[in-house]
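Biologist: I would like a close look at one part of this model. Please take the sheet and what packs around it.

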Amino acid sequence: MTQVSARCRAALDAAHHSTLNAWRWLDAEGALQAAAESDARLARGAGRALEGQLFAIKANIAVAGWPHDGGMRTRRSFRASLDATVIGRLRDAGAVLLGLTQMDEGALGATGYSIDGPIHHPLREGWSVGGSSGGSAAALAAGHCDAALGTDTIGSIRIPASLCGISGLKPTPGLVSLEGVLPLDARFDHVGPMSRDPAALWPLLCCLRGLPITALPIRENSLRGRTLGVFEGLDSLECTPAVLEAYLKSITRLRESGAVLRSIDVRSFDLPRVRRAVFSLCERTLALEHATQRAADPKGYSPAMQSMLDYGARLTEADCLRFEQRIADFREAWDASTAGLEACITPTSPVTSVPHASPPPTNIADLTVIATAAGCPAASVPCEVAEGALPVGLQILAPAGQDARVCALGMRLAAGFSEA
């Protein structure tokens, strides 16, 4: 058995026997066939950009012939007839697709709780991986695959990346095609890559865009002289001590590495209200999208989802306009506060993983919502923590279109800030 085929078979075996509930569905036959084809191409020197890399795919992204339920019981009989655009690009680059990963129902949430039960943290059974791309994060962190696709509306890639100690990217809006992805709210939805190695985010993004992989600018690899924003006032978001400690150490390391830091008071933005505004608009959009199906199959939705859809259905046009204005006001304030900065470095989330038995934290997306509302790219990379401690993520935000900068700074921060 050749290398990719052997790795694929081992990965499928690990996924099949895993107790994490990370996987929704595995395509063993298709994956092994693709692996054999990759081995043949590699043997004749015809390997492509992602040749033989093993991928997990979030269950709201269409793969021809696979289930396409978006984590929703009411869609359990649906099968995709065509590949999503991003899936076609992965295939063209030589990726091997293992199967679909579990997710929060309809991508409307960040609890890491699927309709098949909780998705377990690879480091602590019974603890949350966050969501809604929690299955992809758990599969990656457990070593079942090389990379994964997730979707991110208010933080659904970055939050599980932070909680699981991996890396994930929400691109600039519109940069990666959403064709073939079940929508939550197309204004805020993004498809993005997830990887254990932050250096992989940029080449993965290039492939998802259907572009050749280019080198990151050398300038972007340095911290010296970079003008970066950092947050103060994080106590107002009820950040856990572990997150605050890791973030403050990172700020010290940034300063020691020669970065020029400017403090931004997070209290000036009222981020919980911004997060609530975006989430409410998503609830409204999903309620309208599912009104007919819900009337025909009310039992196809969990009580929690029913409650969110009920709320969304009650929102008036005036309510929605008020939420839209709140987001617009935030974006104006954010642009003014970050003018002249190359990037901002924040914690990815105010919290780390919590037991599934505990109430889910309401503030989990209070920092990831920044990039959603501001329309900018953002990545989460692992932050240095004490041995045995739960993972903490650092979030890198940059102006729209500066995805290369986000990826390069993420690589540097995850590498421990040392200069090349």
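Modeller: Here is a walk through the sheet, then the elements and residues around it. Bear in mind that this is a predicted model.

Start with the sheet itself. It is open and has eleven strands, in the order 1-3-2-6-8-7-12-13-11-9-10. The pairing is mixed. Strand 1 (23–26) and strand 10 (260–265) are the edge strands, and each of them pairs on one side only. On average, neighbouring strands are turned by 25° against each other, direction ignored.

Now take one pair of strands. Strand 9 (residues 227–232) and strand 11 (residues 343–347) run parallel. Three bridges join them. Within this pair, Leu 228 stands opposite Ala 343 of strand 11.

Next, a helix on the sheet. Helix 1 (residues 3–17) packs there and touches strand 1, strand 2 (54–58) and strand 3 (96–101). The direction of helix 1 makes about 10° with that of strand 3.

Helix 3 (residues 85–92) comes next. Its buried residues include Thr 85, Val 86, Ile 87 and Leu 90. What do the buried residues of helix 3 pack against? Four strands of the list are strand 2, strand 3, strand 6 (147–152) and strand 8 (190–195), and helix 6 (201–208) is there as well. After helix 3 comes Gly 94, with a positive phi near 95°.

The loop between strand 2 and helix 3 holds Asn 60. Is Asn 60 buried or exposed? Its relative accessibility is 3%, and the cut-off for buried is under 20%, so Asn 60 counts as buried. Leaving aside neighbours within four places in sequence, Asn 60 is in contact with His 68, Gly 70, Met 103, Ala 107, Thr 151, Gly 180, Val 181 and Leu 182.

One helix pair remains. Two packed helices are described by the angle between their axes and the distance between the axes. For helix 8 (residues 271–289) and helix 10 (residues 303–314), the angle is about 95° and the axes are 7 Å apart. Angles of 65 to 115 degrees count as roughly perpendicular, so helix 8 and helix 10 are roughly perpendicular to each other. From helix 8, the residues that meet helix 10 are Arg 276, Phe 279, Ser 280, Glu 283, Arg 284, Leu 286 and Ala 287. From helix 10 come Met 305, Met 308, Leu 309, Tyr 311, Gly 312 and Ala 313. By class, this contact has eight nonpolar, two polar and three charged residues.

Definitions and conventions
Residues numbered from 1 in each chain as written. Predicted model: local features only at pLDDT ≥ 70, side-chain atom pairs only at ≥ 80, totals over all residues. Heavy atoms only, no water. Pairing = 2+ DSSP bridges. Helix = DSSP H or I, 4+ residues; strand = E, 2+ residues; numbered from the N terminus. Axes fitted to C-alpha atoms, helices over the stretch in contact; angles between N-to-C directions. Contact = heavy atoms within 4.5 Å. Parallel < 35°, antiparallel > 145°, perpendicular 65-115°, else oblique. Nonpolar A, V, L, I, M, F, W, Y, C, P; charged D, E, K, R; others polar. Buried < 20%, exposed > 50% of the residue type's maximum accessible area, 1.4 Å probe, protein only.
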